[in-house]
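Biologist: I want to learn how to read pockets, cavities and domains in a model. Can you walk me through one?

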Amino acid sequence: MGQVWMPDIDKTMTGGAWRFEGTLDVDWELCPYQASKAFGKESARKLTYIERMEALKMLALQPLDPDFHKKVQRGDFLIGDDRTGYGHDHEHACIALRGAGIGTVLCEGTNVNFRRNSIHHGLPVVVVKGIMSAAKTGDTLEVNLVEGWVKNLTSSKTLTFKPWPEFVLDIIRKGGLYPWLREETPATNQSAVA
Amino acid sequence: MAGKNVIQKILARSVGKPSVETGDFVHVRSNCITTVGGDGDGRGLGQLDPNAKPSVFDPQRIGIVVGHAGAGGMPRTAGNHRRKMRQWAETVGVPRENIFDLGSQGVEHVIAGEQAWALPGEVYLSIVDGHTTALGALGGFAVALSYGAAEYITKGYTWIEVPPVARITLTGRTKPGVFARDVYEYVLGQIGPNGTPSQVIVWDGDYVRDLDMDARFTLCANALFSSAWTNIIEPDDVTLDYVRTRTNKALVPLYGDADAEYEQQLRFDVSDIEPQVVPPPERHRAAAVSKHAGLKISKAHIGTCANGRYEDLKLAAMVLKGRKIHPDVMLNITAGSTAVYRRCLDEGLIGIFMDAGVFLPPASCGMCAGGKNTPLADGDVCISSGTCNYPGRMGSSKADIYLASPATVAASAVTGEITDPRQLL
């Protein structure tokens, strides 16, 4: 994955919260699809994965906050409602959020395609019931993906969630599906099979 | 203990276990051909090295379809990407008969149905997009692999979490002029964008049983908009007749137990549903056509994985026969597959469309695939049987997209404004 920043999910992660209400469609609020195509398959020059990540960062959450990419800090958390990652299984939004430095997406609800695509791009997405009322933009959060809890240091509220199984955490650790596949050994593969 | 739903049964058989529970993480395999889009970089497949053997677990079980760009696509897509995919197919050994390139192209999900690549009781995986769910109409577990394709292509299995299942029972008969697309949009409007979060919808009830296969594909094409992973119609004689005319493969359909476990059970009576129109930009705010009737349009589109099959185009022809498209409107009708186009030719539909002044590109995803084909310009107002109405879906982000059934789109194209199709049927 080159020099792409990755969250260290084996430690408790600390970062700021960015809370957005309502639908977060992958093709609009999270990363406008039409604009993203300039950095995609039909761009004048084939971009590398890292170049694409850097370019799509500018579009992350753009319809809701055009300056989001300037304000968000590496390791911050995206807090979303029960329609986070809504719509198509387009994965450009996952790349945009990783490019913006989002450490983990914490949401009231999402769908399988967004969750799987995000994991496969090395972006953790977890459903945390009550997160929308437990965090506001600007709060500082601690998140432990392995143990399954989030603590709001600003309000001292703690919420828990079901952690991902070890093989999914391992895909995230490696930075996504492709680097995971390249490194995977038969032994780890067997342990992953239920 | 509750019985097993059809998804639990399909997934259990796929992993070779007596049973699975909702929430289990399992690695599923598939007996079906997996569909790969032939005109993009295949959702991350471009990162695979075709020379690293073995790079594909079973090339016999790969199908390649040129659909999203078709012949109307961007030069790079229809040129370079197609060639790249053909070279990849050649290198890894995908059989020529599994490749539907220009000349036999179409929407991936339409061709996968025509070829019976998805089968009752089986896991069907596609690398194309979220509308893979259309194939759930054939009674299998049909999901998109998306960016996760590489694991499946190289190893022959993919990890999944056994999903919860929602049962939605549709009863009654629709009024004349109301079609499966209207029923789907109405139900989505009722249950909302998070109505079936990460669930699989099982559609049943006497309304569903009476639908032909084309209407069932329509009902199943858009499951993702209530945040469902996919949906399924348990197979009946309609399904089995359709599949058996297309494949000799052995079929062992599966059905949920009478006391199966469901996350939720909903019922809707379709008898009072009106033709629906979904205004931009949110996907789920369907309303009766009367609410938007009279709104001037500049473009109209019929086709796509949702409504690009023969029965959809026949419906359009019923409205358009002997009529002309309004001079201020461009109506693009794009058949969902070359076979659909051919049948329209044989049955006289193409003549009706040409006499009406319809623009008829070759089979593909049409205008819905990101505006590759007659894209919307700033200020355009379009009514479409496509899948999405978010800004920029069909071209300019400064254009409005209204979604409706092929009948409503055709009627609106004739009058130049959003129109109740019953006035022209």
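Modeller: Start with a term. Domain bounds come from an automatic or database domain assignment. Keep in mind that this model is predicted.

Biologist: Which domains does the assignment give for chain B?

Modeller: Domain 1 covers 6-268 and domain 2 covers 278-423. Their C-alpha centres lie 24 Å apart. The contact between the two takes 39 residues from domain 1 of chain B and 35 residues from domain 2 of chain B.

Biologist: Now the cavities. How many does the structure hold of 30 Å³ or more?

Modeller: A cavity is a space where a 1.4 Å probe fits but cannot get out. This structure holds five cavities of 30 Å³ or more. The largest cavity has about 70 Å³ of space.

Biologist: Which residues line the largest cavity?

Modeller: Three histidines are in the list: B:His68, B:His109 and B:His131. So are three cysteines: B:Cys305, B:Cys365 and B:Cys368. The rest of the lining is B:Val107, B:Asp129, B:Thr304, B:Ala369, B:Thr387 and B:Arg393. By class, that gives five nonpolar, five polar and two charged residues.

Biologist: Where does the largest cavity lie relative to the domains of chain B?

Modeller: Look at who supplies the lining. Domain 1 (6-268) and domain 2 (278-423) of chain B both give residues to it, so the largest cavity lies between them.

Biologist: Next, pockets. How much space lies in the second largest pocket?

Modeller: A pocket is an open set of points, unlike a cavity. The second largest one has about 640 Å³ of space. Its lining has 31 residues, and the closest to its centre are A:Arg115, A:Val127, A:Trp164, B:Glu161 and B:Ser198.

Biologist: Which elements give two or more residues to that lining?

Modeller: From chain A, helix H5 (112-120) and strand E6 (125-127). From chain B, strand E7 (158-161). H5(A) gives the most, with four residues.

Biologist: What classes do the residues of this lining divide into?

Modeller: The second largest pocket has 17 nonpolar, seven polar and seven charged residues in its lining.

Biologist: Last, chain A as a whole. How many helices and strands are there?

Modeller: Nine helices and nine strands. Burial is the next thing to read. Of the 194 residues of chain A, 60% count as buried, with the cut-off at under 20% relative accessible area. The accessible surface comes to about 7500 Å², and 52% of that belongs to carbon and sulfur atoms.

Biologist: And the contacts in chain A?

Modeller: Take those between residues at least 6 apart in sequence. Among them, 70% join residues at least 24 apart.

Methods
Residues are numbered from 1 along each chain as its sequence is written. Chains are lettered from A and ligands numbered from 1 in the order in which they are written. This is a predicted model: local features need pLDDT of at least 70, side-chain atom pairs count only at pLDDT 80 or more; totals for chains, interfaces and linings use all residues. Side-chain values use heavy atoms; hydrogens and water are left out. Buried means under 20% relative accessible area, exposed over 50%, partly exposed in between (1.4 Å probe, protein chains only). Contact means heavy atoms within 4.5 Å. Accessible areas come from the Shrake-Rupley method with a 1.4 Å probe; for residues, only the protein chains shown count as cover. On a 1 Å grid over the protein atoms alone, a cavity is a set of points where a 1.4 Å probe fits but cannot get out, and a pocket is an open set with protein on both sides within 12 Å along at least five of seven lines; lining residues have an atom within 4 Å of a point. Grid points are joined across faces, edges and corners, and a volume is the space filled by probe spheres set on the points. Ala, Val, Leu, Ile, Met, Phe, Trp, Tyr, Cys and Pro count as nonpolar, Asp, Glu, Lys and Arg as charged, and the others, Gly among them, as polar.
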